[in-house]
Amino acid sequence: MIDSRTQSIPMYGAASAWTIFSSSSPAVSIENLFQMCYTRSKEVIRLLKRWMLYCREMYPIFQGLVAAFILEGALYLLTALRFQIPFSLSTGEIVGFFTVFFFLLFLRIADDFKDEELDRRLFPHRPYPSGRVTKRDLQILMGICVAAMVLPNLLFVDNISLLWFFALMAYMVLMSLWFFQKKRIQNNLLLALVTHNPCMLLLNEYLLSITCQRFHLPLLTFDLLCINLMLYLPALEFEISRKIRAPQEETSYVTYSKLLGLRGAVLLFLSVSLVEAAATIYMSRRLFPPVFMAVFAAYYLCSCINGFLYLKNPSSPCFHIGRFARGYIYVMQGTLILLAGYKLWRMGGIL
């Protein structure tokens with residue numbers, strides 16, 4: 001007959017585990033302990049499956065790793081080439097790589113929380129609005145992202161780089177709180193762009209500071225600002241382009257094309273591209289043979305041609321501006337990495 005003390009044992013918690021071991025019925029105690037472990041393990045597995053579902057639809061892990069690699073790699077190689085320093089990875093660069101990955105994942109989740117009500121109306125099929133992933137699931141994942149960023153930086157990053165990291169974290173918190181101006185910013189797409197998008201500038205500056213601190217380089221220079229813009233502005237272009245739609249595709253979702261008109265939205269996109277092209281051509285003149293100035297100018301010319309063709313025929317999938325901008329990021333930044341890496345190798349900077 002089972003002891004009444006055993007029957008009253010709760011199934012979870014450290015106190016229950018101690019009660020199980022101190023019970024006068026070892027067989028039943030071990031059975032309860034295994035049952036508790038089994039139940040908890042099933043809960044963890046279900047949680048992991050929900051996280052994987054969320055990442056598969058909203059933040060593909062492989063794409064996130066590729067984006068982090070391109071950003072960290074391009075910034076490091078261009079800085080190394082500009083200041084003629086050897087290529088050699090340190091713990092700081094590895095920490096920076098994973099900081100980018102988890103920072104982008106954190107932003108993705110925070111964006112879902114900020115647009116929760118809107119997404120339930122316009123995007124009910126997404127994991128969070130549909131209920132396939134719960135708020136608690138994503139809150140736990142956000143906590144893991146913060147821990148995965150903060151702990152390695154505290155352990156392996158020093159001085160000025162750590163200050164830039166905490167500036168980035170502070171900006172991230174302010175973004176999550178809508179800078180204490182939710183009503184004003186949430187209903188103004190342009191104001192949201194101006195206040196939220198500069199976080200990527202801070203992220204780039206943090207990554208640059210790791211390399212500059214390691215090699216005792218000046219951080220706040222015009223050339224490094226141009227390098228920052230070369231990597232930041234394509235992401236801004238994509239952010240603008242994904243909210244440009246043909247008139248027949250518009251819904252109640254607020255887009256730049258609805259606010260500014262299709263022509264105004266495309267001109268905003270091309271204006272940002274012009275600044276990016278100026279920074280890229282200027283730095284390519286300093287870093288690469290003259291022929292590559294023509295290559296990067298051709299990239300920008302293709303972007304302009306695509307923009308004007310989209311204006312002429314916005315319903316054509318061939319000239320979809322968002323799809324072009326996504327491809328443009330990978331082609332442009334991939335070219336920068338290959339060129340900078342090759343030139344460093346030729347100079348003996350990569351062994």
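**Exercise 1.** Work out how the reach of helix 12 (residues 199-215) compares with the span expected at 1.5 Å a residue, and how many of its residues are buried.

*Solution.* Helices here are DSSP runs of H or I with at least four residues, numbered from the N terminus. The expected span is 1.5 Å times one less than the number of residues, and for the 17 residues of helix 12 this gives 24 Å, close to the 25 Å from its first C-alpha to its last. Next, 13 of the 17 residues are buried, so helix 12 is largely enclosed by the rest of the structure; buried means under 20% relative accessible area, with a 1.4 Å probe and protein chains only. Just after helix 12, His216 takes a positive phi of about 60 degrees.

This is a predicted model, in which local features need pLDDT of at least 70 and side-chain atom pairs count only at pLDDT 80 or more, while totals for chains, interfaces and linings use all residues. Residues are numbered from 1 along each chain as its sequence is written, and side-chain values use heavy atoms, with hydrogens and water left out.

**Exercise 2.** Find where the kink lies in helix 13, and decide whether this helix is largely enclosed or not.

*Solution.* The kink, of about 30 degrees, lies at Tyr232, shortly before the proline Pro234; the bend at a residue is the angle between axes fitted to the seven residues ending there and the seven starting there. As for its surroundings, 16 of the 20 residues of helix 13 are buried, so the rest of the structure largely encloses it.

**Exercise 3.** List the residues that Phe288 contacts, leaving aside its neighbours within four places in sequence.

*Solution.* With contact meaning heavy atoms within 4.5 Å, Phe288 touches Leu78, Leu81, Phe296, Leu336, Leu339, Ala340 and Lys343.

Conventions: Helices (H or I, at least four residues) and strands (E, at least two) are DSSP runs, numbered from the N terminus. Buried means under 20% relative accessible area, exposed over 50%, partly exposed in between (1.4 Å probe, protein chains only).
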